[in-house]
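Dear colleague,

Here is the structure I promised to pass on to you. Please open it alongside this message, and then read on for what was found in it.

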Amino acid sequence: KRMSGLNVQISKKRKFVADGIFYAELNEFLERELAEQGYSGVEVRVTPARTEVIIRATRTKDVLGEKGRRIRELTSLVQKRFNFPNGAIELFAERVPSRGLCAVAQAESLRYKLLGGLPVRRACYGVLRFIMENKARGVEIIVSGKLRAQRAKAMIFRDGYMLKTGKPCEDFVDKATRHVKLRQGVLGVKVAIMLPAWDPVTNIRGAVRLPQPDVITVHTPKPTPVVTVPIGVPGN
């Protein structure tokens, strides 16, 4: 059992619930602690020897800290909170390949702009332009709440091509949601980025290495050889 560090037999149902709660709480903790370091998600790998936690961030140097001090502090906090034995859990930092194609990083960036007092329209257009300059195929930003007046409303900013339904939506669209706590109330921020498909010519970092099912490539046919002398005619 991961949560207590003891070898207790539990049912599969309880195990999946415990793993889900562990991931959700760990993600919330790291989101709160590493917001300024460009936290972009976490991955948990369980091996027979230990549990490895890979933290994805835009500024990995700040996550590691001076001589690895910050990452050791985070490891100690996680170990004590979830009752892991010494050496049973280890944290690693991984750099996000492209900050402009990471929805979590851009949602955090927009959140800090709004907290700094930047107008909503200007902040959103700045983030939208930065994402599209990083070779994204499309972007959608939704900001809802009490933007100016007391009446709550939603503002939607779109650019490019965006999928909304089906399996390609899960593969090609990166989504993130954040809450901005302002004096007049809470604003909700949603960012959706349509990632580019991988191409060996452009080789864009952060692209999806999957073919999009509705994109059909028609190849040029091979030239047919011109036959001057009939083949297989008796007498030739």
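Please keep in mind from the start that this is a predicted model. A good place to begin is Val191, which, if we leave aside its neighbours within four places in sequence, is in contact with Ala103, Gln106, Ala107, Ile131, Glu140, Ile141, Asp174, Lys175 and Ala176.

Val191 also belongs to a wider group, since it is listed with Leu110, Leu114, Ile141, Val143 and Ile193 as having the most contacts inside the largest nonpolar core, which has 39 residues. At least two residues of this core come from each of α4 (103-115), α5 (120-133), β4 (138-145), β5 (153-160), α6 (167-172), β6 (173-181) and β7 (186-194). Another core lies apart from it, with 19 residues, including Tyr39, Val53, Val78 and Leu91. As background, nonpolar side chains in soluble globular proteins tend to be buried together.

Turning to the strands, there is an open sheet of four in the order β5-β4-β7-β6, with antiparallel pairing. Because β5 and β6 stand at the edges and each has a single partner strand, one side of each is left without a neighbour in the sheet. On average, and ignoring direction, neighbouring strands here are turned by 10 degrees against each other. Within this sheet, β4 and β7 are paired in the antiparallel sense over seven bridges, and Glu140 is found opposite Ala192 in β7. Helix α5 lies across β4, β5 and β7, and runs at about 25 degrees to β5.

The other sheet to look at is also open, with three strands in the order β1-β2-β3, but its pairing is mixed. Its edge strands are β1 (39-46) and β3 (89-95), each of which pairs on one side only, and the twist from one strand to the next averages 20 degrees. Strand β2 (residues 51-57) runs parallel to β3 and is joined to it by seven bridges; if you would like one pair to find on screen, Ile54 has Phe92 as its bridge partner in β3. Helix α3 (residues 69-81) lies across β2 and β3, and its direction is at about 135 degrees to β3.

How do α3 and α1 meet? Their axes come within 12 Å and cross at roughly 145 degrees, and the crossing is right-handed. On the α1 side the residues involved are Glu25, Leu26, Phe29 and Glu33, which meet Arg70, Leu74, Leu77, Val78 and Arg81 in α3.

Helix α4 allows a small check of its geometry: its 13 residues, at 1.5 Å a residue, should span 18 Å, and its end C-alpha atoms are 18 Å apart, which agrees. Its buried residues are Ala103, Val104, Ala105, Gln106, Ala107, Glu108, Leu110 and Leu114, and the buried residues of α4 pack against α1 (12-33), β1, α5, β4, β6 and β7. Just after this helix, Gly117 takes a positive phi of about 95 degrees.

Finally, is Lys15, which is found in helix α1, buried, partly exposed or exposed? With a relative accessibility of 41%, Lys15 counts as partly exposed, because that value falls between the cut-offs of 20% for buried and 50% for exposed. The C-alpha atoms of Lys15 and Thr220 are separated by 54 Å, and these two residues are 205 residues apart along the chain.

With best wishes

Technical notes
Residues are numbered from 1 along each chain as its sequence is written. This is a predicted model: local features need pLDDT of at least 70, side-chain atom pairs count only at pLDDT 80 or more; totals for chains, interfaces and linings use all residues. Side-chain values use heavy atoms; hydrogens and water are left out. A nonpolar core is a set of buried Ala, Val, Leu, Ile, Met, Phe, Trp, Tyr and Cys residues joined through side-chain atoms within 4.5 Å. Buried means under 20% relative accessible area, exposed over 50%, partly exposed in between (1.4 Å probe, protein chains only). Contact means heavy atoms within 4.5 Å. Two strands pair if DSSP finds at least two bridges between them. Axes are lines fitted to C-alpha atoms, for helices over the stretch in contact, and angles run from 0 to 180 degrees between N-to-C directions. The expected span of a helix is 1.5 Å times one less than its number of residues. A crossing is left-handed if the near helix is turned anticlockwise from the far one by less than a right angle, and right-handed if clockwise.
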